[in-house]
There are 2 protein chains.
Amino acid sequence: MAKIIPVKNGTKKDVISKKASRLFREKGFAATSMRDIAEAVGIEAPSLYNHIGSKKEILQEICFRIANLFTSHITSVEQSTDRYAVKIELIIRFHIFMMLTDFENVYISDHEWKHLAEPYLSNFKNQRRSYRSRLSEIIRQGMISKEFKKIDPYVTVLTLLSAIGGIEGWHRSNKTVDARVLEENMVTLLLEGLKISLTEKKQKN
Amino acid sequence: MAKIIPVKNGTKKDVISKKASRLFREKGFAATSMRDIAEAVGIEAPSLYNHIGSKKEILQEICFRIANLFTSHITSVEQSTDRYAVKIELIIRFHIFMMLTDFENVYISDHEWKHLAEPYLSNFKNQRRSYRSRLSEIIRQGMISKEFKKIDPYVTVLTLLSAIGGIEGWHRSNKTVDARVLEENMVTLLLEGLKISLTEKKQKN
DNA sequence: AATAAAAACTAATAATCGTTAGTTTTGTGC
DNA sequence: GCACAAAACTAACGATTATTAGTTTTTATT
């Protein structure tokens, strides 16, 4: 009866993916049924299979699309000639940007990837590990060049990444903080903790 | 056949809860079946009901036990006469302590609470909101007293909380960082970003 | 208007879910 | 060793799951 109405520049598959994203985030992947998705789209569950291969496929495409965006971005940052503090700032800002512009999918890529099936699961975990390792390396080099405090790079990475992931809570509950304020505050909080302050520099020289 | 062997100072219910915690964290609440839990415990699924009321009940008890610990702690911090920077440090350290000593349950309370049933769900969300609000208030007062930079308190709370939650990643993947190093690094990173540095103080006076 | 393809539908599959009922085994106190 | 309670078991319930098969309706093309 009801027919999927694709929005401009989007296939019907995209409509399904978008509705599924919302539900995966709200209820979790495992607790979201194909009937839930179908209802959100406005069709019956079996009709979904005219557009997608399986429930797992939806999750795979979301997770890898997001993961690839982050991988591409860190590659471009690595190739730049900026100082390490600038590189980290670029990365923090990109994470915040992604969180603000594609919140549902970033959230899913962060929290629901464990429901991926093999071999996608292993692939995803490898990509995730690689990203963190490359980010650690930038921080490590920033410490060598005396831009950053000497603290454990991996602890720093995990702290930064999870801090940024926390925008999810803001996104849901507090619309009064505007995006620009959020971004500047987070960059301040995270980058200033990492950088060597002027007083510390004086002490070391 | 197999009988549950309760550990010292623990009921059989505690054994079930502990095995369930592990599975809820690894697979998520919705993706963990009663048969999964039973297998981990070493009995058949229906036997679980000699010790627990329902699957949901296990989750409820985990979530509220953890939430109550955090509520109690922030109450004691509020009543102390420490400076605001010390109060925040105490709270950060308590979060890290909880994450290190009761990791599985803290993780579940953080990530799986959405599967609580009403009225527990609303109760939990209220308690969560209240905790964040009280933490915001401490930070706000620290800004008024010029101990902290003037940034949005709520953004700060979300950043701190989610940063600490990120220990989960460390806990799983990197055993080479010891707990003390982790704690000191995180406190440095998070608290130094928040505090007004000496150079900034000089500029303002 | 006829035809072909795309996309909806209904009906039904086997599997798995949390849980209940009823029974048997195990452990405990006398 | 007898009785009672605790805790295990098997069998099965109805509900829900993702998905397939087969059919009908809608849309697009000529």
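# A walk through a helical model

With 21 C-beta neighbours inside 10 Å, Ser162(B) counts as buried, because the cut-off for that label is 20 or more. Keep in mind as you look around that this is a predicted model. Ser162(B) sits in helix H7 of chain B. If you pick Leu59(B) as a second point, you'll find that Ser162(B) and Leu59(B) are 103 residues apart in sequence, and that their C-alpha atoms are 21 Å apart in space.

What about the rest of that helix? H7(B) is mostly covered, with 13 of its 13 residues buried, so Ser162(B) has buried company along H7(B). The length of H7(B), residues 153-165, works out too: at 1.5 Å a residue, its 13 residues should span 18 Å, and the C-alpha atoms at its ends are 18 Å apart, which agrees.

Now step over to chain A for an overview. Chain A has ten helices and zero strands. Read from the N terminus, its elements go α-α-α-α-α-α-α-α-α-α. Chain A has 205 residues, and 32% of them count as buried. Take the contacts in chain A between residues at least 6 apart in sequence: 69% of these join residues at least 24 apart.

Next, how the helices pack. Two packed helices are described by the angle between their axes and the distance between the axes. Begin in chain B with H1 (residues 12-27) and H5 (residues 103-111), which pack at an angle of about 50° with their axes 9 Å apart. H1(B) and H5(B) are therefore oblique to each other, and their crossing is left-handed. Which residues do the meeting? On the H1(B) side they are Ser21(B), Arg22(B), Phe24(B) and Arg25(B), and they meet Glu104(B), Asn105(B), Tyr107(B) and Ile108(B) in H5(B). By class, the residues of this contact of H1(B) with H5(B) are three nonpolar, two polar and three charged. As for the spacing of such positions, an α-helix has 3.6 residues a turn, so residues three or four places apart point the same way.

H5(B) also packs against H3(B), residues 55-79. At what angle do H3(B) and H5(B) pack? The angle is about 100°, and the axes are 9 Å apart. H3(B) and H5(B) are therefore roughly perpendicular to each other. Here Ile62(B), Cys63(B), Ile66(B) and Ala67(B) of H3(B) meet Asn105(B), Val106(B), Ile108(B) and Ser109(B) of H5(B). The contact of H3(B) with H5(B) has six nonpolar residues, two polar ones and no charged ones. Asn105(B) and Ile108(B) are worth clicking on, since they turn up both in the contact with H1(B) and in the contact with H3(B).Back in chain A, look at H1(A), residues 12-27, and H5(A). This pair packs at an angle of about 50°, with the axes 9 Å apart. H1(A) and H5(A) are therefore oblique to each other, and they cross in a left-handed way. From H1(A), the contact takes in Ser21(A), Arg22(A), Phe24(A) and Arg25(A); from H5(A), it takes in Glu104(A), Asn105(A), Tyr107(A) and Ile108(A). The residues of the contact of H1(A) with H5(A) divide into three nonpolar, two polar and three charged.

That leaves a few backbone details in the loops. Most residues other than glycine have a negative phi, and most peptide bonds are trans. Where does the model depart from that? In chain A, the peptide bond joining Glu118(A) and Pro119(A) is cis, with omega about 5°. Pro119(A) is placed in the loop between H5 (103-111) and H6 (120-144) of chain A. In chain B, a cis peptide bond joins Glu118(B) and Pro119(B), again with omega about 5°, and Pro119(B) lies in the loop between H5 and H6 (120-144) of chain B.

The phi angles have their own exceptions. Lys146(A) is not a glycine, yet its phi is positive, about 65°. You'll find Lys146(A) in the loop between H6 and H7 (153-165) of chain A. Is Lys146(A) buried, exposed or partly exposed? It is partly exposed, with 14 other C-beta atoms within 10 Å. In chain B, Lys146(B) has a positive phi of about 65°, and it isn't a glycine either. Its place is in the loop between H6 and H7 of chain B, and with 14 other C-beta atoms within 10 Å, Lys146(B) is partly exposed.

Note on methods. Residues numbered from 1 in each chain as written. Chains lettered and ligands numbered in written order. Predicted model: local features only at pLDDT ≥ 70, side-chain atom pairs only at ≥ 80, totals over all residues. Axes fitted to C-alpha atoms, helices over the stretch in contact; angles between N-to-C directions. Helix = DSSP H or I, 4+ residues; strand = E, 2+ residues; numbered from the N terminus. Parallel < 35°, antiparallel > 145°, perpendicular 65-115°, else oblique. Left-handed = near helix turned anticlockwise from the far one by under 90°. Contact = placed C-beta atoms within 7 Å. Nonpolar A, V, L, I, M, F, W, Y, C, P; charged D, E, K, R; others polar. Buried ≥ 20, exposed ≤ 12 C-beta atoms within 10 Å, placed from the backbone. Expected span 1.5 Å × (residues − 1).
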